[in-house]
Amino acid sequence: EEAIAAASIGQVHFASLKDGTQVAVKVQYPEVERYFAMDVQTVGFLMGIIGMGSKVKDVFKTMQDQFETEFDFTREATFMKECAQNVLPIY
């Protein structure tokens, strides 16, 4: 089926559970997490070669931490469920 949304790390598709419940399924592209990690390491290495390693060390640590969060779909689902539980009763 066609994706209903796509981004740099994955796609979203509509699906139906066995009981008929409609859901959205977020699917990560194969190997994308590994490639992102390699890119960050490569750029960090190059920054070190040109003498900027110490200046960008904190920035790269923040990037790595953010990437770990972005790739954790289970954690994201937990946050989304909590958000829905807090917001939907208001509406």
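Which residues form one aromatic cluster? In this model they are F36, F67 and F71, and I would like to start from them. A word on the basis first: the model is predicted, so to speak of local features I need pLDDT of at least 70, side-chain atom pairs count only at pLDDT 80 or more, and totals for chains, interfaces and linings use all residues. Residues are numbered from 1 along each chain as its sequence is written, and side-chain values use heavy atoms, with hydrogens and water left out.

A search of the whole structure gives three aromatic pairs, where rings of Phe, Tyr and Trp (its six-membered ring) pair if their centres lie within 6.5 Å, and planes under 30 degrees apart count as stacked, over 60 as edge-to-face and the rest as tilted. F36 and F67 have ring centres 5.1 Å apart and planes at 75 degrees, so this pair is edge-to-face. The contact joins distant parts of the chain, with F36 in helix 1 (residues 32-49) and F67 in helix 2 (residues 53-71), 31 residues apart; helices here are DSSP runs of H or I with at least four residues, strands are runs of E with at least two, and both are numbered from the N terminus.

F36 also pairs edge-to-face with F71, at 5.4 Å centre to centre and 85 degrees between the planes, and this pair again links helix 1 to helix 2, across 35 residues.

Are these rings buried or exposed? With buried meaning under 20% relative accessible area, exposed over 50% and partly exposed in between (1.4 Å probe, protein chains only), F71 is buried at 8%, whereas F36 is partly exposed at 22% and F67 is partly exposed at 23%.

Just ahead of helix 1, in the loop that follows strand 3 (22-28), we find E31. Its phi is near 70 degrees, a positive value in a residue other than glycine, and E31 is partly exposed, with a relative accessible area of 43%. For context, most residues other than glycine have a negative phi.

Let me turn finally to K26, which lies over the face of F73, at 4.7 Å from the ring centre; the criterion is that NZ of Lys or CZ of Arg is within 6 Å of the ring centre and within 35 degrees of the ring normal. K26 and F73 are also among the residues that line the largest pocket, including V12, Q22 and E76. Strand 3 supplies the largest share of that lining, five residues.

How values were computed. 1 Å grid on protein atoms, 1.4 Å probe; cavity = no way out; pocket = protein on both sides within 12 Å on 5 of 7 lines; lining within 4 Å.
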